Structure formats: structure tokens, C-alpha cells
Amino acid sequence: MFAPVAVVIFIAIGLLDIAAGHSNDFDAIKGCKQYNTELGYNDPLEYIPTNSMNNTVDHGEFKYYKIGILGTNDAVIRMSNHVYPYDRNVSEVVLGSHNNTKSIGRTQYRNSSNEYKNNDSARAMSPNLLSPYRPVMLKLKIWATGKKEVFHYGQDYPFLGFIDGSKIVPLYMTFTKVDKDLVFFYDCPM
């Protein structure tokens, strides 16, 4: 008599556990810092010192940064060796470019008049990479040689990789948009 009741209880607990197994996509940003893109691509941006990021994984010859993005298109990660990188090269990763179909790795020169010239090093198809409904979690791997790779978080192979012309190993990083507002989540725990 007790055996059938015990089986029913175990089945009920199992079904409750399965129903509770659906996680919230926003759990992935727990412990991250948030950066809202109030300023645009050509505005003076606040650069964040990379040595202030507590969750960077440093392997000597390369570093990992976990970054999340919430938005529809054209998410830009800009990296520099200088806090005010005018009249210098910076390195950019543009995610969800061309109406959220491509991603680009490039070097940019921006002069003190804020005019810029982009030199694309790599382009990769990345259809529907970004989403306005859930944060997309990525891993940015930066080598001491200046090589940069972008991975979907948890995957072993990058969908974008390039060496920018200046081989910039960033001391500063910022985030921006081309046209539509975005939310970046950075310094995320690995």
C-alpha cells in the first residue's frame, strides 16, 4: 500500500523539478556590471580601465572577458591603450552589424576632431546574434600579440577572430552603439 504512494510522490516531485528546470535568461548576468549606451558612436565615451575588472581570467599570453549584450544591432566594443584615444588607433568589435547579420573586427583611427577611419580586419556572418529579449553572453579572448577572438559563452570555437593592424592589447575598454540603445553587461563572473 505504501509503495504505490511513494511512487506517486516521486513522480510528482520529478514533474515539479522538470517544470522548475526552465531558467531565466537574465540569470546569466548575475554579478555583472551594467553599461547603458546613452552616448553614441561619435560621442566622447567613458573608457573603463581593464585592470579594474575583477572577473578577468588572465592566462599570461591571453585574457578572457565575459560580456553580455541586450539589444537589436550594432553593439560596439572599443579597446584602447589610452584613456583618451584621440589621434591614435583603437580596436573595435562590432556585433550584430548590417541589420544583425554580421560581426566585424577592425582597427579605427580617430583624430582630435573626432573624424575617424575604419579598417576592417575580419567579417563573419552572425545572423540574429543579438536579441532585445535576452542578454547574449559572449567571451572575448585577447592575446598578448593583439589577436582577438569572440566566442558564444560556453563554446570552444570563436565565430570571429582577427589581428588588428596596431596589435592593441587594451588597457581601456568602452561600449557604444551605432543607432539603437543597448545594454552591455561586463566584468561578469566566469
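**Exercise 1.** In this predicted model, find the bridge partner of Ser80 in strand 12.

*Solution.* Start at Ser80 and hop across to strand 12: the partner there is Tyr172. Now zoom out to the two strands involved. Strand 5 covers 75–80, and strand 12 spans residues 172–177. Between them there are 6 bridges, and the two strands run antiparallel.

**Exercise 2.** Work out which strands sit at the edges of the open sheet.

*Solution.* First, write down the strand order: 2-12-5-6-7-8, an open sheet of 6 strands with antiparallel pairing. Next, look for strands that pair on one side only: these are strand 2 (48–49) and strand 8 (116–125), so they're the edge strands. As background, strands of a sheet pair through backbone hydrogen bonds.

**Exercise 3.** Place Tyr86 and decide whether it is buried, partly exposed or exposed.

*Solution.* Step one is location: Tyr86 is in the loop between strand 5 (75–80) and strand 6 (88–96). Step two is the number: its relative accessible area is 30%. Buried needs under 20% and exposed needs over 50%, so Tyr86 counts as partly exposed. Step three is the company on the surface: together with Val83 and Tyr84, Tyr86 makes a nonpolar patch of about 300 Å².

**Exercise 4.** Count the cavities of 30 Å³ or more, then describe the largest one.

*Solution.* The count comes to 3 cavities. The largest cavity holds about 60 Å³ of space. Check its lining for familiar faces: Tyr86 turns up again, along with Pro85. Other lining residues include Asp43, Leu45, Tyr47, Arg78 and Val90, plus Gln108 and Arg110.

Key
Residues are numbered from 1 along each chain as its sequence is written. This is a predicted model: local features need pLDDT of at least 70, side-chain atom pairs count only at pLDDT 80 or more; totals for chains, interfaces and linings use all residues. Side-chain values use heavy atoms; hydrogens and water are left out. Patches are made of residues with over 30% relative accessible area and no salt bridge: like charges are joined within 9 Å, nonpolar side chains (Val, Leu, Ile, Met, Phe, Trp, Tyr) within 5 Å. Accessible areas come from the Shrake-Rupley method with a 1.4 Å probe; for residues, only the protein chains shown count as cover. A salt bridge is a side-chain nitrogen of Lys or Arg within 4 Å of a carboxyl oxygen of Asp or Glu. Helices (H or I, at least four residues) and strands (E, at least two) are DSSP runs, numbered from the N terminus. Buried means under 20% relative accessible area, exposed over 50%, partly exposed in between (1.4 Å probe, protein chains only). On a 1 Å grid over the protein atoms alone, a cavity is a set of points where a 1.4 Å probe fits but cannot get out, and a pocket is an open set with protein on both sides within 12 Å along at least five of seven lines; lining residues have an atom within 4 Å of a point. Grid points are joined across faces, edges and corners, and a volume is the space filled by probe spheres set on the points.
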